[in-house]
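Here is a walk through a structure that may be new to you. Open it in your viewer and follow along, one selection at a time.

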Amino acid sequence: MTIAAALAVHIAILCVVAGIFLTSIESLWLWSKGCYDTGGIWPWAIAREVYSERIGDVLSPVMSNGGMLVVMAARLGFAAALLAGYGNWTYAPIPLGLLVATQLLLQARMHWGGEGADQMTSIVLVTGLVAEICRGLPAVVDSAALFVGGQITISYLASGTAKLFGPLWRSGRALPMIMNHHTYGHVWFGAFLARYPLVGKALCYGIIGFQVTFLVFYVLPMPYALVYLAGGILFHAGIAYFMRLNLFLVTFVGTYPCLIYTRECVRVFLFHSPHLLRMLHG
Amino acid sequence: MLEIIVIRAIEFGFAIWFALSIAYQFSAVSEKLGPFDRFALLPRWTFFAPNPGMQDHHLVYRECLSGDIDLSTLQAQEAASANLSSWREVTDLCPGFAIPLLWNPQRRVTKTITDVSNSLLTMRRRSPEGAKYAHFTVEYFLLLHLTMRDARAPARRQFAVLRTHGFGAERSARAIFLSKFHLAE
C-alpha cells in the first residue's frame, strides 16, 4: 500500500477544507445569534484587550462583529471554491492562501472555545499552501506530506503518554466519567459504560495502547498495519459521534494518506527497500 | 542553485516547526512559548489527558437591588443574604441543537466558558497573588460582561462558576470561582 506525496497532501487539504465548510456554516449561525456582537459571548471589545491599543485599532475592521461576518462568509466561499474545483489544482493556491490568512485571523480573534481539530486544520492549511505553491518541486511536496504524517504521529504518542500520567485513565475510569456529563458526554453510552464497567476499562486501555504503541504502525507489514488505521478511524469517529466534536473525524482521518506516505518513507529508510523506493518515486 | 536554496529553506522550516511541536508537548515549554503563539500554530496534542474534562461549567449570578448595603466581604454578604436574590444561571448564551457528525456550534460556546473558568482556576491555584489579579484579567471581564448584560442600576451582581458532573438527579455540583459584587451602569 503506497501513495504519492502530492495526492496525500491533496486529500488532507480537501478533508480539512470540508471541515472548514461545515465550521463556517456553524460560525455564521453563531453570528446570527449575536455571539460576536457587543452583547454576545465573543465581543471584540473584550477580545481586543489582549492586544495593545494600536494593534486593536488596526484589527478592528476585520475582527468586529461586521468584519467577522465578512470573514466567515468569505471562508465559506473559498472552501466551496476549493471543494468544487476538486481535481483542478492550478488555481488552488489562491483560495488556499485566503483560507490560511482567515484561519490565522480567526485563531488570533478567538482566544477561547478552540479544539484540537482547529490546530490540525491550521497545520494542514499552511503546509498544504507551501506544497501547492511549490508543486513543481517534488522535494517540498514530499516534506509537506512527511510533516503532516509526523504531526499526527506526535499527536497519538503525546496523547497516549499523557494518559499514562492520568490516574483516571490508568484505572480505566476516564471514559465512563467523560461520558457522564453534558458537554462531551452521551446519556446512552454513559449509562451503558456505567452498567458494564469492564467495557469502559477495556476501551480506556485500548485507547492508551493504540496511542502509546503507535510507532509500531511504522514497522508492522501490511495488512497488519491497517489495524492502526482502523483503530484511528474508530477513535475519531467515536469522538465525533459520542462527544459531538464533529471536526475530529474529517480533519484527523483526512491526514491518514500523509501518514501512509510517511510510513512508506520510514520503511524505506529502515529497511532500504529498493522496491518501495521505486514505488514511491512513481 | 536557487531551487536548491528554496527546497533546503522550506525543509529547514518544516524541521524547526516539527521540533518545536514536539517540545510544545511538555508543559514547561508550552507555558513559555504559548503567549507568543498568537496563531496557535504549535499544537498541544493531549486529547483529554492526563485529566479529562468530565465536568460541565455553569455561569450563575445573584443580585442585590439595594444600593446601600455593604457587600465587600464574604461575612457582609452572609449578613445581607436576606437582601440577595437566589442564584440564577446565565442560560441564554446560545441555545441550539446538535446533529451527530454534522452540526454542533454550541460546543464553541460551552468550551469558551470551560476555557475561561479553567484559566481563572489555574491563576488562583498558582499563587495567592494570582487569585488577587484574577479580577483584572480578560477572562474575568468576559464572565462579568456576560453576567451584567441585562443588569440595570442600582442593581449589583456577583457571579460564580459552578462545576457539575453527571446527568439529571445524580448530578453533583461544586463552586470553583466567586466574583466580587459589581454595580450595573
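## First stop: an aspartate in chain B

Select B:Asp115, which counts as buried because its relative accessibility is 18%. Keep in mind as you look around that this is a predicted model. B:Asp115 belongs to helix α4 of chain B, which covers residues 106–126.

Which residues of chain A does B:Asp115 touch? Show the surroundings and you will find A:Trp112, A:Gly113 and A:Gly114 in contact with B:Asp115.

Now add B:Lys111 to the selection. The side chains of B:Lys111 and B:Asp115 form a salt bridge, with N and O 3.1 Å apart. Both residues sit in helix α4 of chain B, 4 residues apart, or about one turn of the helix. B:Lys111 is buried, just as B:Asp115 is. In general, side chains of opposite charge can pair when their charged atoms come close.

## Second stop: where the chains meet

Next, colour chain A and chain B separately and look at the region between them. Here 82 residues of chain A are in contact with 63 residues of chain B. The two chains bury about 6,300 Å² between them, and 71% of that lies on carbon and sulfur atoms. Select A:Trp29, A:Ile41 and A:Trp112: together they supply 11% of the area that chain A buries against chain B, more than any other three residues. You have already met A:Trp112, as one of the residues that B:Asp115 touches.

How many salt bridges are there between chain A and chain B? The count is 3. To see a salt bridge between the chains, select A:Asp118 and B:Arg108, whose side chains meet with N and O 2.6 Å apart. Polar contacts also link the two chains: 24 residue pairs, both residues at pLDDT 80 or more, are counted between chain A and chain B.

Now view chain A from the side that touches chain B. Several helices each supply at least two residues to this side, among them α1 (5–32), α5 (93–109), α6 (116–133) and α13 (226–242) of chain A. The largest share, 14 residues, comes from α7(A). Colour this side of chain A by residue type and you get 49 nonpolar, 26 polar and 7 charged residues.

## Third stop: a pair within chain A

Stay with chain A and select A:Glu132 and A:Arg135. Their side chains meet in a salt bridge, 2.9 Å from N to O. Is each partner buried or partly exposed? A:Glu132 counts as buried, at 4% relative accessibility, while A:Arg135 counts as partly exposed, at 39%. Over all chains, the structure holds 12 salt bridges.

## Fourth stop: the sheet of chain B

Return to chain B and switch to a cartoon view. Four strands form an open sheet in the order β2-β1-β3-β4, and the pairing is antiparallel. The edge positions belong to β2 and β4 (172–183) of chain B; each has a single partner strand, so one side of each is left without a neighbour in the sheet.

Trace the pairings one by one:

- β1(B) and β2(B) run antiparallel and are joined by 2 bridges; here B:Tyr61 has B:Arg88 as its bridge partner.
- β1(B) and β3(B) pair in the antiparallel sense over 9 bridges, and B:Val60 stands opposite B:Ala160.
- β3(B), residues 156–165, is joined to β4(B) by 9 bridges, again antiparallel; look for B:His165 opposite B:Ser172.

Now show the side chains of β1(B). All 9 of its 9 residues are buried, so this strand is largely enclosed by the rest of the structure. B:Asp56, B:His58, B:Val60, B:Arg62 and B:Cys64 point one way, and B:His57, B:Leu59, B:Tyr61 and B:Glu63 the other way.

## Last stop: a salt-bridge network

Finish by selecting B:Glu63 and B:Arg88. They form a salt bridge in which the closest N and O atoms are 3.9 Å apart. B:Glu63 lies in strand β1 (residues 56–64) and B:Arg88 in strand β2 (residues 88–89) of chain B, so the pair ties together parts that are 25 residues apart in sequence. B:Glu63 is buried, at 11% relative accessibility, and B:Arg88 is partly exposed, at 35%. Add B:Asp150 and B:Arg157, and you have the residues that are linked with B:Glu63 and B:Arg88 in a network of salt bridges.

Note on methods:
Residues numbered from 1 in each chain as written. Chains lettered and ligands numbered in written order. Predicted model: local features only at pLDDT ≥ 70, side-chain atom pairs only at ≥ 80, totals over all residues. Heavy atoms only, no water. Contact = heavy atoms within 4.5 Å. Buried area = accessible area lost by both parts, 1.4 Å probe. Salt bridge = Lys/Arg side-chain N within 4 Å of Asp/Glu carboxyl O. Polar contact = N/O pair within 3.5 Å; in protein donor to acceptor, adjacent residues only side chain to side chain. Nonpolar A, V, L, I, M, F, W, Y, C, P; charged D, E, K, R; others polar. Buried < 20%, exposed > 50% of the residue type's maximum accessible area, 1.4 Å probe, protein only. Pairing = 2+ DSSP bridges. Lists of a residue's contacts leave out its neighbours within four places in sequence.
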